[in-house]
Amino acid sequence: MQTSDALTESRHERLTNLTQNLTGLNRVASVSRTTGETDVQVTLNLDGTGQCTAKTGVPFLDHMLHQIASHGLLDLDVRATGDIEIDDHHTNEDVGITLGMALAKALGDRKGIVRFGHFVAPLDEALIQVALDFSGRPHLSYGLEIPTQRVGTYDTQLVREFFVAIVNHAQMTLHIRQLNGINSHHIIEATFKALARSLRMAVEIDPRRAHTIPSSKGVL
């Protein structure tokens, strides 16, 4: 009799094999990006199991990257060094940029994907709605109202900057709506969880259109 871990691994192998058979793709990407302010490396597997290594020097950002991997069932390895002696802005933004680039690279021409994703995530009193479209057209509609300037040492203004960066470089449309919430940590974490589940939905392969672009135009 198989253990639950063995059953989970077996199911993941079947899903990975199905994805590769339907698309012919191994949807893994590695991107390195170095500037005068930061050095960032991201490796991403769209068909993962939620494994995550995040070492950015920004603890709260690491915590949010774990949410993306765990709830999006992405395998994610993010390593970054940056000028955090100044503040976290450059590292936060450049991690978002590099993760967006990795998403775009792993998706390739976006054949076969569901393309759209949406989720409403509760976290105690917070309730966040996310909807996204890997449309090829970057757009962010950001509706969070975070009541405090910081969560721990993390500047909450950087949440929007992270999403701007990932949207522009993954070339996706992203709408974020805060339906409820008064605790800053809860609001932000629920947002990342909703993003993760939306990503999971959007990047999955639709077996009915596995070899076609999910657009009436024939291109994204």
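**Reading sheets, helices and a cavity**

Trainee: Let's start with the open sheet of four strands: in which order do they come?

Mentor: The order is S5-S6-S10-S7, and the pairing is mixed. The edge strands are S5 and S7 (139-143), each of which pairs on one side only. Averaged over the sheet and ignoring direction, neighbouring strands are turned by 10° against each other. Keep in mind that this is a predicted model.

Trainee: And what holds strands of a sheet together?

Mentor: The general idea is that strands pair through backbone hydrogen bonds, in either a parallel or an antiparallel way. For a case here, take S7 and S10 (residues 173-180): they pair in the parallel sense over five bridges. You can pick out Tyr 142, which stands opposite Ile 176 in S10.

Trainee: Which helix packs on the sheet and touches S7 and S10?

Mentor: That's H4 (residues 158-170), and its direction makes about 160° with that of S7. Now look for H5 (residues 184-203), which lies across S5, S6 (126-133) and S10 and runs at about 150° to S5.

Trainee: Can we zoom in on one residue? Where does Gly 143 lie, and which residues is it in contact with, leaving aside neighbours within four places in sequence?

Mentor: Gly 143 lies in strand S7. Its contacts, with those neighbours left out, are Ile 176, Arg 177 and Gln 178. Sequence can fool you here: Gly 143 and Gln 178 are 35 residues apart along the chain but 5.9 Å apart in space, C-alpha to C-alpha. Gly 143 counts as partly exposed, because its relative accessibility is 27%.

Trainee: There's an open sheet with S1 in it, too. How many strands form it, and in what order?

Mentor: Four strands, in the order S1-S2-S4-S3, again with mixed pairing. S1 (28-34) and S3 (52-55) stand at the edges with a single partner strand each, so one side of each has no neighbour in the sheet. From one strand to the next, the twist averages 5°.

Trainee: In which sense do S1 and S2 pair, parallel or antiparallel?

Mentor: Antiparallel, over seven bridges, with S2 spanning residues 38-45. To see one bridge, find Ser 30; its partner in S2 is Thr 43. H2 packs on this sheet, touching S3 and S4, and its direction makes about 160° with that of S3. H3 lies across S1, S2 and S4 and runs at about 145° to S1.

Trainee: What about the loops? Where are Leu 73 and Arg 110?

Mentor: Leu 73 is in the loop between H2 (59-72) and S4 (75-82). Arg 110 sits in the loop between H3 (89-107) and S5 (116-123). Check their backbone angles: phi of Leu 73 is near 50°, a positive value in a residue other than glycine. Arg 110 isn't a glycine either, and its phi is positive at about 70°.

Trainee: Are they buried or partly exposed?

Mentor: Leu 73 counts as partly exposed because its relative accessibility is 29%. Arg 110 has 5%, so it counts as buried.

Trainee: Last one: how many cavities of 30 Å³ or more does a search of the whole structure find?

Mentor: One. The largest cavity has a volume of about 30 Å³. Its lining is made of Leu 44, Ile 68, Leu 74, Leu 76, Leu 99, Leu 103, Ile 166 and Leu 199. Sort these lining residues by character and you get eight nonpolar, no polar and no charged.

Methods
Residues numbered from 1 in each chain as written. Predicted model: local features only at pLDDT ≥ 70, side-chain atom pairs only at ≥ 80, totals over all residues. Heavy atoms only, no water. 1 Å grid on protein atoms, 1.4 Å probe; cavity = no way out; pocket = protein on both sides within 12 Å on 5 of 7 lines; lining within 4 Å. Points joined across faces, edges and corners; volume = space filled by probe spheres on them. Nonpolar A, V, L, I, M, F, W, Y, C, P; charged D, E, K, R; others polar. Helix = DSSP H or I, 4+ residues; strand = E, 2+ residues; numbered from the N terminus. Buried < 20%, exposed > 50% of the residue type's maximum accessible area, 1.4 Å probe, protein only. Pairing = 2+ DSSP bridges. Axes fitted to C-alpha atoms, helices over the stretch in contact; angles between N-to-C directions. Contact = heavy atoms within 4.5 Å.
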